[in-house]
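Me: Please take a close look at one part of this model, the open sheet and the helix that lies across it, and then follow the side chains from there.

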Amino acid sequence: MARRGKKKGRPVSGWVVLDKPVGMGSTEAVSKIKWLFQAEKAGHAGTLDPLASGMLPIALGEATKTVPYVQDGAKVYRFTVAWGEERSTDDLEGPVTNSSVRRPLETEVRALLPKYTGVIMQTPPQFSAIKIAGERAYDLARDGETVDIPAREIEIGRLDLVEHSGDRSVFEVECGKGTYVRSLARDMGRDLGCFGHIAELRRVEVEPFTADDFVTVAELEAARFGGKTDEGAGEAEAPVDFSAIDALLVDTAVALDCLPQVAVSDDAATKIRLGNPVIIRGRDAPVEAEEACATARGKLVAIGAIEQGMFKPKRVFVG
């Protein structure tokens, strides 16, 4: 008998803007979403720690080609710093490494904010995914090693104090790629002479997505199983209606809102998908662009460059 090949899943494409709950890891979340959609391919655009909640954009199918653009987008976090203790992990998970009876005044906290706004240097946490001599920093930290992680340049668009109660302060930060909010808590605590660590962390935005795009695991499960549990959803071989859950996807092209948009005809779209350049027509069409995306009838066709009035595809998308 011929061996039956393993099912690859559906060629479904789009973004799931998941409101990840506390306790769920990013890899676990991707696996769950991939299973719910029975998708061929899935990946996320930026890890969110298990102790954090909030926005975890998950790409399915062709949307995985747009992950780098979402990873580079600005992010907004709402976080609570508990003053008086520094911890090995810079959050609630690790043991206390330094403590102080001092608590900062609200005026002191506000006076510190400009130091952490703009382009600054930041040292990632010991427990981070940074690679040191080929090994992840968190693996070395778990083995009891203290490693020298070089500081790196990050950009913080804004850092606002939302609430202050003496023992705790709530902040909202808008930051660029590579920023560690745990490091912010650690460094502010040291500057204030009282130590600090993250007590709560929630990611509320990842550009270009907003809270309006949020969907929960419960909502996805309800759409997938129509109120039934996954165990009692029907026979394994019974046809499955994915229309309700697919309706919760955000279109792949939304991830490319940051790029110039060029509308092309159906004939031009066919040529582009075969890897051929086409002449860009239209009064408003850009003449030059290092990166742009071509669409046909509102559907994403390709990412490419525009040179001398020609769109030259670099990455094409299945229609």
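Reply: In this predicted model, helix 8, which spans residues 266-273, lies across strands 14, 15, 16 and 17, the last of these covering 310-316, and the helix runs at about 75° to strand 16. The sheet itself is open and built of five strands in the order 13-15-16-17-14, with mixed pairing. Strand 13 (261-263) and strand 14 (278-279) stand at the edges with a single partner strand each, so one side of each is left without a neighbour in the sheet. Within the sheet, strand 15 (residues 289-296) and strand 16 (residues 299-307) run antiparallel and are joined by six bridges; in this pairing, Ala292 of the one strand stands opposite Gly304 in strand 16.

The cysteines can be taken next. The sulfur of Cys293 has its closest cysteine sulfur in Cys258, at 8.2 Å, which is too far for a bond, given that a disulfide requires sulfur atoms within 2.5 Å. The count of disulfides accordingly comes to zero. The two residues can also be described by their surroundings: Cys293 is buried, with a relative accessible area of 0%, whereas Cys258 is exposed, with a relative accessible area of 56%.

Two contacts of another kind involve a charge and a ring. The charged end of Lys65 sits over the ring of Phe317, 5.4 Å from its centre, and Arg10 lies over the face of Phe242, at 3.8 Å from the ring centre.

Turning to the rings themselves, a search of the whole structure finds four aromatic pairs. One of them is formed by Phe79 and Phe171, which are stacked, at 5.2 Å centre to centre and with 20° between the planes. This pair links distant parts of the chain, since Phe79 belongs to strand 4 (residues 75-83) and Phe171 to strand 11 (residues 168-175), 92 residues apart. Phe79 and Phe171 are both buried. Phe171 also pairs with Trp83: their ring centres are 6.5 Å apart and their planes stand at 85°, so this pair is edge-to-face, the planes being over the 60 degrees that this class requires. Here too distant parts of the chain are linked, with Trp83 in strand 4 and Phe171 in strand 11, 88 residues apart. Trp83 is buried, as is Phe171, and Phe79, Trp83 and Phe171 form one aromatic cluster.

Technical notes
Residues numbered from 1 in each chain as written. Predicted model: local features only at pLDDT ≥ 70, side-chain atom pairs only at ≥ 80, totals over all residues. Heavy atoms only, no water. Pairing = 2+ DSSP bridges. Helix = DSSP H or I, 4+ residues; strand = E, 2+ residues; numbered from the N terminus. Contact = heavy atoms within 4.5 Å. Axes fitted to C-alpha atoms, helices over the stretch in contact; angles between N-to-C directions. Phe/Tyr/Trp six-rings, centres within 6.5 Å; stacked < 30°, edge-to-face > 60°. Buried < 20%, exposed > 50% of the residue type's maximum accessible area, 1.4 Å probe, protein only. Lys NZ or Arg CZ within 6 Å of the ring centre and 35° of its normal.
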